[in-house]
Structure formats: C-alpha cells, structure tokens
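Reader: Before we discuss any detail, could you put the structure in front of us, so that each question can be followed there?

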Amino acid sequence: MSESVSIIGLGLMGRALAETLLAAGHRVTVWNRSAAKADDLVAKGATRAATAAEAVEASPLVIVCVLDYAAVHEILDPVPLTGKVVLNLTNGRPAEARETARWVAERGGDYVDGGIMAVPQMVGGPGALILYSGSQTAFDRYEETLRPLARPHYLGTDAGLAPLYDLALLTGMYGQIAGALSAMALLRSENRPLTDFTASLLVPWLTAMAGLQPAWAAAIEAGEHATEVSNLEVNRVGMANLVRAFAEQGAGLDLLLPMKKIIDDRVARGHGAEGLSGLIEEL
Ligand code: FVH
C-alpha cells in the first residue's frame, strides 16, 4: 500500500532512506536545511517541502535523520506534532531517546526511535537492519511501510532500547576494528601483505571465534565462568607474550593494553581458572 511519508534531513543517510521509499512506491515529501540536497530526489518524484513545518504537515509518518538530537529539537520545536508519528533515526543515547519520546508525547505525537545498522549504501539491501523501540501502535502501523529500508527489529515500548542496542552493536564493531587494525599493524611491522591476510585468514578466524560469544553470554547470565578452553591464566601469559612481541616489532600497543590490564586484574583477584567471559566482572 502506498503511504505518505515525510523525511526531514537529507544527508547521506536521509537521502538513501528517501530514495528507497520512493523506489518502493511511497509518496515522499522531503525537507533539508540546505534545500539543494532535495533536488535529485524531487527529480525522482519526491515532493519538496519549503519548511520543516510543511514537511510535518504533509504526512502522518515523519522520519527525522539528522546529525544529532539537538538538531532534531531545533527543527521540530516550532512545529505542531499533534497526531503525527515521529520516527527518529538520528544516532543518539538512550537518555536522549527517552527524553525525546516524552517531549513528542507532550505535544500530542507518537514516538518511535530507531537505530540504523547499515551504511547508506546498504539501505534497501539484504544486510541492512533497523532497530526500533517506542510506541508499539505506531511501529505496528508502519512496520510494512518501513520494511523496504531494512530488516526491522522491534525491541519494546521503551524508546531508549533502540539506541541502547545500537550502541552495544557499535561497541562490538569498534572492538573488532581495534583487533583487526592491531593484527595488521603487527604484520605491517614486517611489511607482510595485508589484503590477502585479512580476507583469507583474519576474517575466517574472527568469524569462527565469534561463534563462541553466545556461550559467553550464557555464562555471564548464569554468573558461572568455568571454562573448558584456555582459562584466564593461560590468556594472561599469552597476552604478555603478545604485548612483548608488539614492542619488539615496533607495532603500536595502545589498543591491546586495556585488554591486557583487565586480564591481569582479573587473574590478580584470584580468577585465573575462569574463562574469558569472567572479564565482564571487571567492566
Ligand atoms: N552515514 C552512516 O553511515 C551512518 C549509519 C548509521 C546511522 N547514522 C546516523 O544517521 C544520522 C545522519 O547521518 P548522515 O550520514 O546522513 O549525516 P550527514 O550526511 O552528515 O547529514 C547530516 C544531516 O543533518 C542535517 N543537520 C545537521 N545539523 C542540523 C541543524 N542544526 N538543523 C537542521 N539540519 C541539520 C544536515 O543538514 P545540512 O547540513 O545538509 O543542511 C544533514 O541533512 C546521524 O545521526 C548518523 O550518526 C549514519
């Protein structure tokens, strides 16, 4: 069913959202602070709103995707929201989402927060995921409209949950980036080729090791960190070896040292027989 959707914010992500909804056959109204960013979307069939208020007026579903929540408030503050569903896909914190949900509700609107787990080029493709939380009525009403953007994953009525899970997933990503860059720094210390190493060895290794993580999560939930693989004492010795090798090779240690510290601290507190899941007690 063709729906009327307004999109506020036409940066890289907002434009990808607008293009995908247009391609899915929806009637899309767009507004951006710098108006020229709407030109190509208008050429593809979008309607240009002259003001943010006009964009909100045009559709029952208003998607906002701008730099930060301060910009969201700046844009929507002067605009009536009664009867509107505001879907905020701007990256933010749980506290900001909860405050924004209250603020929209006070002004007569319904609020859904979202976390986009994709880069703009992935929007509309098979790997894209959007986390949603907030008004269940609003999510249920627009789930199918939003499905062309990305696989939807609704987390519950607490608007803060989407950013909480978004930040958790980004945290996992940054840890993986830290590990991958450190691995490449070690190989680069001997001018070894990196592309083939990464594709044929590193990614399969990380993928295999990622398979252990659900068991760690279960151990953490159970508060039981016994292990049948290398315990923390073995990891402590292995990490000391790794850090020494980095120093000898002249490769940067900065991303590794915090991990070494928490392993050392946990073992020093008498938990050397535990598995890696026990490190969470140090965080
Ligand atoms: N791009 C990505 O890969 C990530 C993927 C995950 C989700 N993020 C978040 O999406 C939000 C928007 O990101 P973006 O990539 O579209 O960012 P930009 O291309 O830099 O566009 C920023 C838009 O925000 C508008 N804007 C900024 N400040 C204001 C303001 N005070 N008033 C009105 N609009 C404002 C800006 O307008 P303009 O500069 O073109 O006039 C752009 O439309 C973001 O939360 C990511 O973390 C993207």
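The questions below go from the overall architecture to the ligand site and then to two individual residues.

Reader: What share of the residues in the protein is buried?
Author: The model is a predicted one, and its secondary structure comes to 11 helices and 8 strands. Along the principal axes, the C-alpha trace spans about 65 × 45 × 30 Å. Of the 283 residues in the protein, the share that counts as buried is 43%.

Reader: Which helices each supply at least two residues of the shell around the ligand?
Author: The ligand takes up the space of the second largest pocket, and the shell of residues around the ligand divides into 12 nonpolar, 7 polar and 3 charged. Among the 22 residues of that surrounding, Met13, Asn32, Ser34, Lys37 and Asn91 come nearest. The helices that each supply at least two residues of the shell are H1 (12–23) and H4 (69–76).

Reader: How much of the area that the ligand exposes when taken alone does the protein bury?
Author: Polar atoms of two side chains lie close to oxygen atoms of the ligand, with Ser34 at 2.5 Å and Lys37 at 2.6 Å. The backbone takes part as well, since an N or O atom of Leu12 lies 2.9 Å from a ligand oxygen atom. Taken alone, the ligand exposes 900 Å², and of that area the protein buries 76%.

Reader: Why does Thr100 count as buried or exposed, and which value decides the matter?
Author: Thr100 has its place in helix H5, which runs over residues 94–106. Its side chain has a polar atom 2.7 Å from the backbone oxygen of Glu96, and a polar contact of 3.4 Å joins the side chains of Thr100 and His73. Because the cut-off for buried is under 20% relative accessible area, Thr100 counts as buried, and the deciding relative accessibility is 1%.

Reader: Where is Asn191 placed, and at what relative accessibility is the residue classed as buried or exposed?
Author: Asn191 is in the loop between helix H7 (161–188) and helix H8 (195–210). Although Asn191 is not a glycine, the residue has a positive phi of about 55°. Because exposed means over 50% relative accessible area, Asn191 counts as exposed, with a relative accessibility of 69%.

Conventions
Residues are numbered from 1 along each chain as its sequence is written. This is a predicted model: local features need pLDDT of at least 70, side-chain atom pairs count only at pLDDT 80 or more; totals for chains, interfaces and linings use all residues. Side-chain values use heavy atoms; hydrogens and water are left out. A residue is near a molecule or strand if one of its heavy atoms lies within 4 Å of it. A polar contact is a pair of N or O atoms within 3.5 Å; within protein, one must be able to donate a hydrogen and the other to accept it, and residues adjacent in sequence count only if both atoms are side-chain atoms. Accessible areas come from the Shrake-Rupley method with a 1.4 Å probe; for residues, only the protein chains shown count as cover. On a 1 Å grid over the protein atoms alone, a cavity is a set of points where a 1.4 Å probe fits but cannot get out, and a pocket is an open set with protein on both sides within 12 Å along at least five of seven lines; lining residues have an atom within 4 Å of a point. A molecule sits in a cavity or pocket if more than half of its atoms lie within 2 Å of its grid points. Helices (H or I, at least four residues) and strands (E, at least two) are DSSP runs, numbered from the N terminus. Ala, Val, Leu, Ile, Met, Phe, Trp, Tyr, Cys and Pro count as nonpolar, Asp, Glu, Lys and Arg as charged, and the others, Gly among them, as polar. Buried means under 20% relative accessible area, exposed over 50%, partly exposed in between (1.4 Å probe, protein chains only).
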